[in-house]
Every structure is written in C-alpha cells, then in structure tokens.
Amino acid sequence: MKISISLPHELVRYVDERVANRSQLIESLLSAWQKKQQQQAMLSACLNLDEQTSAEDEEWQQAAITDWEVSG
C-alpha cells in the first residue's frame with residue numbers, strides 16, 4: 001500500500017544521504033515500533049495478571065492461617 005507523508009526537507013536530505021531506500025527504512029522503523037508496542041502490552045498484561053494472582057494468593061494464605069488458628 002502506498003501512503004504519502006510530509007517531512008522537513010532537511011530530514012529527507014539526511015535520510016537520502018544514508019539509505020538507499022526510504023520506504024524500506026520507514027517500514028523497518030514502523031515494524032520495530034509495532035514490536036515494541038506489542039511487547040509493552042504483553043508486559044502490562046503479565047504484570048496485571050501477576051498482581052491479581054498475588055492478591056488471590058494472599059487471600060488464600062490468610063484464610064488458611066485463620067482456619068489453622070481457629071482449629072487450634
């Protein structure tokens with residue numbers, strides 16, 4: 001798919017001096033950005049799950065201690 005973007009002339013000149021294919025550079029940068037976004041989302045989901053699991057574990061442990069203390 002083709003898209004059109006506007007960039008400052010200096011930036012285009014800088015890119016043209018360093019790469020042979022602008023589109024390939026933009027594609028690789030966007031792919032890296034997408035991967036980073038997905039990794040951050042996965043990390044956030046894992047941290048949320050860990051927090052939920054920790055809270056449930058604490059509740060279970062406290063209930064077990066209470067039951068043990070009551071049973072004497």
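Let's start with Thr-66, which sits in helix H2. Keep in mind that this is a predicted model. From there, we can look at two surface patches, one nonpolar and one of negative charge.

**Thr-66 and Gln-38**
- Thr-66 counts as partly exposed, because its relative accessibility is 34% and that class lies between the 20% and 50% cut-offs.
- Pick Gln-38 as a partner for Thr-66, and you'll find the two 28 residues apart in sequence. In space, their C-alpha atoms are 42 Å apart.

**The nonpolar patch**
- Which residues make the nonpolar surface patch? Met-1, Ile-3, Ile-5, Leu-7, Leu-11, Tyr-14, Ile-26, Leu-30 and Trp-33 do, and together they cover about 1000 Å².
- Two helices chip in with at least two residues each: H1, running 9-18, and H2, running 22-71.
- H2 gives the largest share of this patch, with three residues.
- Ile-26, one of the patch residues, belongs to helix H2.
- Is Ile-26 open enough to the surface for a patch, and what is its relative accessible area? The value is 34%, so Ile-26 is partly exposed, and patch residues need over 30%.

**The negative patch**
- Over on the charged side of things, Glu-56, Asp-57, Glu-58 and Glu-59 gather in a surface patch of negative charge.
- Glu-56 is part of helix H2.
- With a relative accessible area of 51%, Glu-56 is exposed, because that class begins over 50%.

Definitions and conventions. Residues numbered from 1 in each chain as written. Predicted model: local features only at pLDDT ≥ 70, side-chain atom pairs only at ≥ 80, totals over all residues. Heavy atoms only, no water. Patch = residues over 30% accessible without salt bridge, like charges linked within 9 Å, V, L, I, M, F, W, Y side chains within 5 Å. Areas by Shrake-Rupley, 256 points an atom, 1.4 Å probe, with all protein chains shown as cover. Salt bridge = Lys/Arg side-chain N within 4 Å of Asp/Glu carboxyl O. Helix = DSSP H or I, 4+ residues; strand = E, 2+ residues; numbered from the N terminus. Buried < 20%, exposed > 50% of the residue type's maximum accessible area, 1.4 Å probe, protein only. Lys, Arg positive; Asp, Glu negative; His and termini not counted. Charge placed at Lys NZ, Arg CZ, Asp CG, Glu CD.
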